Amino acid sequence: MARARLERVTVEQVTARAFTIPTDAPESDGTFAWDRTTLVLVRARAGGREGLGYTYAHAAAVDLAEGPLARAVVGKDAMATSASWAAMRHALRNLGRPGLGWEALSAVDVALWDLKAKLLDISLAALLGPARDDVPIYGSGGFTSYDDARLTEQLAGWVAEGITMVKMKVGRDPASDPHRVRTARRAIGPDVQLFVDANGAWSRKQALAQLAAFTESAVRWAEEPVCATDLDGLRLVRDRAPAGVEVAAGEYGYILPDFRSMLAADCLDVLMADGTRCGGITGLLAVAALAEAHDIPLSTHCAPQLHAHVGAALRPLRHLEYFHDHARIERLVFDGALDPRGGHLTPDLSRPGLGVEFREADAVPFAV
């Protein structure tokens, strides 16, 4: 029996806009402080459908998305996401691939995958081929700017929602961190896993001393205990940290060699990657293949709506980060944003693509 042949549909237009949204309170981690977050939204159109993609980056990513990256993909087969990704990669050759250029590429790539799924009228998770029905999450926030009451309220709130893993920021004031970690442990009880993220604030010896001090609070995860580019330092901490503490890094990986270097250095227990930075869905699939080849688990960073769909298809995935800022923004500007259920996000297979529609009217006040 002859199979129906899909009519070729080409990408007609790529546009982008930036929206800067204030946080609900001042926030800081071990090395940075902020009071707003910028969402760069990309729209890709073909065949009467519109795909949405996004990244969290500087508004300057808009010019890259609408300029060289749009020129690279307009006119290409909307089904040929790999060819479009390769064309965008080439377009950034003289503009700089890591950093802002790769964040813009990531947003366009996500929009093209969302468009492809919508043209086929299936969810993105279904298009990618699920390895699981839902994705485990950990609540992420616990900013160093929070007082004990706010820290307790946020972490205990996630536990009340059925989330069994939570992460807090450390490293801005090392002397106060043991107290803050003990406060967090009291808030979540003895059975919930507690993670800490230093965002590279500690020296090697300081990291080891702090993790030893956290032993009484049963910390199970140390993210970027030293600068993520200090691969020897990560390996030292990984090898000498208290038993039961896993060392993780990778959120600032952009191009594939970034992840290859970390894996070759054998310095992590868990590799992290962010689809809004590492080349979109196409790039994240490649990172997952690297992780699987090295027999190391993968965790995705931030952007929970995006990572719930692609994460469902990643075999080495352990969990995704349900980051306070991004979860709040996605609920604010997207219809269909997922809510946690029993410590998981479950992609809605009944909705095409990423399963969300952009609420323009709610976002306009934040337009850059």
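## His326 and its surroundings

His326 is found in helix 12. This is a predicted model. Is His326 buried or exposed? His326 has a relative accessible area of 8%, so it counts as buried. The cut-off for buried is under 20%.

Which residues does His326 touch, beyond those up to four places away in sequence? They are Thr37, Tyr56, Cys302, Ala303 and Pro304. Two of these names return below. Thr37 is among the residues closest to the centre of the largest pocket. Pro304 is one of the residues that line the largest cavity.

## The largest pocket

The largest pocket has a volume of about 730 Å³. Its lining is made of 28 residues. Closest to the centre are Phe32, Trp34, Thr37, Tyr252 and Arg277.

Strand 2 (33-46), strand 11 (317-323) and helix 12 each give at least two residues to this lining. Strand 2 gives the most, with 4 residues. By class, the lining of the pocket holds 8 nonpolar, 9 polar and 11 charged residues.

## The cavity

How many cavities of 30 Å³ or more does the structure hold? There is 1. The largest cavity encloses about 40 Å³ of space. Helix 11 (304-311) and helix 12 (324-333) are the elements that give two or more residues to its lining.

Helix 12 supplies the largest share of that lining, 3 residues. The full lining is Pro304, Gln305, Tyr322, Ala327, Glu330, Arg331, Ala337, Leu338 and Leu345. By class, 6 of these residues are nonpolar, 1 is polar and 2 are charged. Helix 12 thus serves both linings: it gives residues to the largest pocket and to the largest cavity.

## The nonpolar cores

In soluble globular proteins, nonpolar side chains tend to be buried together. Here the largest nonpolar core has 85 residues. Which of its members touch the most other members? They are Val196, Leu211, Leu268 and Leu271. The largest share of this core, 6 residues, comes from helix 10.

A second, separate core has 31 residues. Among them are Ala16, Leu69, Ala70 and Leu92.

## Helix 7 and Leu211

Leu211 also belongs to helix 7 (204-213), as one of its buried residues. The others are Ala207, Leu208 and Gln210. Seen down the axis of helix 7, these buried residues fall within an arc of 165°, so they line one face of the helix. That face packs against helix 6 (177-188), strand 6 (193-197), strand 7 (219-223) and helix 8.

What does Leu211 touch, leaving aside neighbours within four places in sequence? Its contacts are Val196, Trp202, Ala222, Val237, Ala241, Pro242 and Val245. One of these, Val237, is a buried residue of helix 8.

## Helix 8

The buried residues of helix 8 are Gly233, Leu234, Val237 and Arg238. They cover an arc of only 135° around the axis, which puts them on the same side of the helix. An α-helix has 3.6 residues a turn, so residues three or four places apart point the same way.

On the other side of helix 8, Asp239 and Arg240 are exposed. The cover over the buried residues of helix 8 includes helix 7 and strand 8.

## Helix 9

Helix 9 (256-264) has Phe259, Met262 and Leu263 as its buried residues. Seen down the axis of helix 9, they fall within an arc of 95°, so they line one face of the helix.

What do the buried residues of helix 9 pack against? They meet helix 8 (231-240), strand 8 (246-249), strand 9 (270-273) and helix 10 (280-293). Helix 10 is also the element with the largest share of the largest nonpolar core. After helix 9 comes Asp266, whose phi is positive, near 50°.

## Ala156 in helix 5

Ala156 lies in helix 5 (148-160). Its relative accessibility is 26%, so Ala156 counts as partly exposed. The C-alpha atoms of Ala156 and Asp335 are separated by 27 Å. Along the chain, these two residues are 179 residues apart.

Definitions and conventions: Residues numbered from 1 in each chain as written. Predicted model: local features only at pLDDT ≥ 70, side-chain atom pairs only at ≥ 80, totals over all residues. Heavy atoms only, no water. Buried < 20%, exposed > 50% of the residue type's maximum accessible area, 1.4 Å probe, protein only. Arc of directions from axis to C-beta. Contact = heavy atoms within 4.5 Å. 1 Å grid on protein atoms, 1.4 Å probe; cavity = no way out; pocket = protein on both sides within 12 Å on 5 of 7 lines; lining within 4 Å. Points joined across faces, edges and corners; volume = space filled by probe spheres on them. Nonpolar A, V, L, I, M, F, W, Y, C, P; charged D, E, K, R; others polar. Core = buried A, V, L, I, M, F, W, Y, C linked by side-chain atoms within 4.5 Å.
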